[in-house]
Amino acid sequence: MVPAASILCMAVSAVIAFGLPIGLFLGLRKRLQLQGVPMLVGVAVFIVFALVLEQLLHSIVLRPQADGTIALLTSHPALYVVYGVFAAGVFEETGRFVGFTLLKRNFHGVRTAVSYGIGHGGIEAILLLGMSMISDIVLSVVINTNQSGQLGALVSPAVRAALTDTAAPLFLVGGGERILAVAIQLSLSLLVWIAVTHKGRRWLFPLAILLHAVCDLPAAIAQTGHLSVGATEGLTAVAAVALAIFALWWFRRCRAEEAPVIAL
């Protein structure tokens, strides 16, 4: 049996994954005059640059060996970490740069970056966590309603063990991670938008790549087995908060610079 508490925690994470981006957009739409097109561009950029192009590179660099292990991870864990964090940073920030270069022709103001960031971080949360939690909930119901042992091809033993043996609170970790991830995506979107649209601030683009890598560093180290779940989430939270404070400072500065133009 999959405990009811575990299913409840899965549901909470699923609600966070779907509800956070929707709530952010609806909550900020009137206040910041958010528009839908930049958000849709954020969705498209994440899919193309993170789920297609980045994964193509991973399929070459991180190709599993015959025994299922990844050579770079087992033989050179430090290099694996460096590759992982910078691959994500380069692909996603380059995607942002391209998206904003197209958007700035018809959309103006730093609010464009907010709408884009909700789309970029939101679709990541929905695809990577939301859909996974829904799948886990469905499988949990299958397990709990098929106790005769005739699960067959419906649920593999490994999946069944993972769902039944994992402590319920661990299913909430994904929800917490997505909250931090959306904050990070919003912050990076603000920095890259400023780099694209403000003269003399292009340096914020390479800085965004570096900051993205720093935020991904704890998770990458955890994949090598050298960092606990608690430490990973704690360090990621510190990085996310620091980045958000930095980005918010730039956001307020740009809003102040835009105010006289809007008044005209």
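This passage describes the packing of a predicted model, from its nonpolar cores to two buried polar residues, Glu93 and Thr112.

A good place to begin is the interior. The largest nonpolar core has 38 residues, and the most contacts inside it are made by Phe100, Val114, Ile118 and Leu190. Seven helices each supply at least two residues of this core: H1 (4-32), H2 (36-61), H4, H5 (111-145), H7 (173-197), H8 (204-223) and H9 (229-263). Of these, H7 gives the most, with 12 residues. Ile118 shows how such a residue is surrounded: leaving out residues up to four places away in sequence, Ile118 touches Pro21, Leu24, Phe25, Leu34, Met39, Ile123 and Leu186. There is also a second, separate core of 16 residues, and Val2, Met10, Ala17 and Met133 are among its members.

Attention now turns to one pair of helices. The axes of H4 and H8 are 7 Å apart and meet at an angle of about 140°. Because an angle of this kind falls in the oblique class, H4 is described as oblique to H8. The crossing of the two helices is right-handed. On the H4 side, the residues that meet H8 include Tyr80, Val85, Ala88, Gly89, Glu93 and Phe97. Their counterparts in H8 include Phe205, Ala208, Ile209, His212, Ala213 and Leu217.

Glu93 deserves a closer look within this pairing. Glu93 sits in helix H4, which spans residues 77-103, and counts as buried because its relative accessibility is 0%. Its side chain makes a polar contact with the side chain of His212, at 2.6 Å. Beyond residues up to four places away in sequence, Glu93 touches Ala88, Leu188, Val192, Phe205, Ala208, Ile209 and His212. The acidic side chain thus has a polar partner in His212, while nonpolar residues such as Leu188, Val192 and Phe205 are also among its contacts.

Thr112 offers a second example, this time in helix H5. With a relative accessible area of 3%, Thr112 is buried, since the cut-off for that class is under 20%. A polar atom of the Thr112 side chain lies 3.4 Å from the backbone oxygen of His108. Apart from neighbours within four places in sequence, Thr112 is in contact with Pro38, Leu103, Phe107 and Trp193. By contrast, Leu53 is 59 residues from Thr112 along the chain, and the C-alpha atoms of the two are separated by 24 Å.

Methods. Residues numbered from 1 in each chain as written. Predicted model: local features only at pLDDT ≥ 70, side-chain atom pairs only at ≥ 80, totals over all residues. Heavy atoms only, no water. Helix = DSSP H or I, 4+ residues; strand = E, 2+ residues; numbered from the N terminus. Buried < 20%, exposed > 50% of the residue type's maximum accessible area, 1.4 Å probe, protein only. Polar contact = N/O pair within 3.5 Å; in protein donor to acceptor, adjacent residues only side chain to side chain. Contact = heavy atoms within 4.5 Å. Core = buried A, V, L, I, M, F, W, Y, C linked by side-chain atoms within 4.5 Å. Axes fitted to C-alpha atoms, helices over the stretch in contact; angles between N-to-C directions. Parallel < 35°, antiparallel > 145°, perpendicular 65-115°, else oblique. Left-handed = near helix turned anticlockwise from the far one by under 90°.
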